[in-house]
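Trainee: Could you take me through one part of this model at close range? I would like to look at the largest pocket and the elements around it.

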Amino acid sequence: TSLASPEERIMEYLNTNTIIKNRQARAITGVKSENVMKRHFYDLRAKNLIEPVMSKTGNKIIAWKKKN
C-alpha cells in the first residue's frame, strides 16, 4: 500500500514543479483513470490548494498549479 495519498503526491510534485497535468499525476500516483484523477484535482481545488491552468482560448483546463 502507498503511504502518500494521490492528493499528497500531487502537492509534493507541485512543490518542485510549476504545473501538473493529468497524465503526469496518473504516472506519479498509480491512478489509472483520467476521471478518478480529475476528481482528486477537483477535491484539491475545493480545498483551495490548487487552481486550473486554462487553455489559450480559456475554455479548457490543461493543467493545475498551486494556489498562491
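**The largest pocket and its surroundings**

Mentor: Happy to! By class, the lining of the largest pocket comprises six nonpolar, six charged and one polar residue. Please keep in mind that this is a predicted model. The space inside the pocket comes to about 330 Å³. Of the 13 residues that line it, Asn-22, Glu-34, Lys-38, Ile-61 and Ile-62 lie nearest the centre. Three elements each give at least two residues to the lining: helix H2 (22-29), helix H3 (34-46) and strand E3 (61-66).

Let's follow two of these elements outward, beginning with H2. This helix packs against helix H1 (residues 6-16) at an angle of about 115°, and the two axes are 10 Å apart. The crossing of H1 and H2 is right-handed. On the H1 side, Pro-6, Arg-9, Ile-10 and Tyr-13 make the contact, and they meet Gln-24, Ala-25, Ile-28 and Thr-29 of H2. Sorted by class, the residues of this contact are five nonpolar, two polar and one charged.

Now for E3. It belongs to an open sheet of three strands in the order E1-E3-E2, paired antiparallel. Strand E1 (19-20) and strand E2 (50-54) are at the edges with a single partner strand each, so each has one side without a neighbour in the sheet. E1 and E3 run antiparallel and are joined by two bridges. Across from Ile-20 you will find Trp-64 in E3.

Definitions and conventions:
Residues are numbered from 1 along each chain as its sequence is written. This is a predicted model: local features need pLDDT of at least 70, side-chain atom pairs count only at pLDDT 80 or more; totals for chains, interfaces and linings use all residues. Side-chain values use heavy atoms; hydrogens and water are left out. On a 1 Å grid over the protein atoms alone, a cavity is a set of points where a 1.4 Å probe fits but cannot get out, and a pocket is an open set with protein on both sides within 12 Å along at least five of seven lines; lining residues have an atom within 4 Å of a point. Grid points are joined across faces, edges and corners, and a volume is the space filled by probe spheres set on the points. Helices (H or I, at least four residues) and strands (E, at least two) are DSSP runs, numbered from the N terminus. Ala, Val, Leu, Ile, Met, Phe, Trp, Tyr, Cys and Pro count as nonpolar, Asp, Glu, Lys and Arg as charged, and the others, Gly among them, as polar. Axes are lines fitted to C-alpha atoms, for helices over the stretch in contact, and angles run from 0 to 180 degrees between N-to-C directions. A crossing is left-handed if the near helix is turned anticlockwise from the far one by less than a right angle, and right-handed if clockwise. Contact means heavy atoms within 4.5 Å. Two strands pair if DSSP finds at least two bridges between them.
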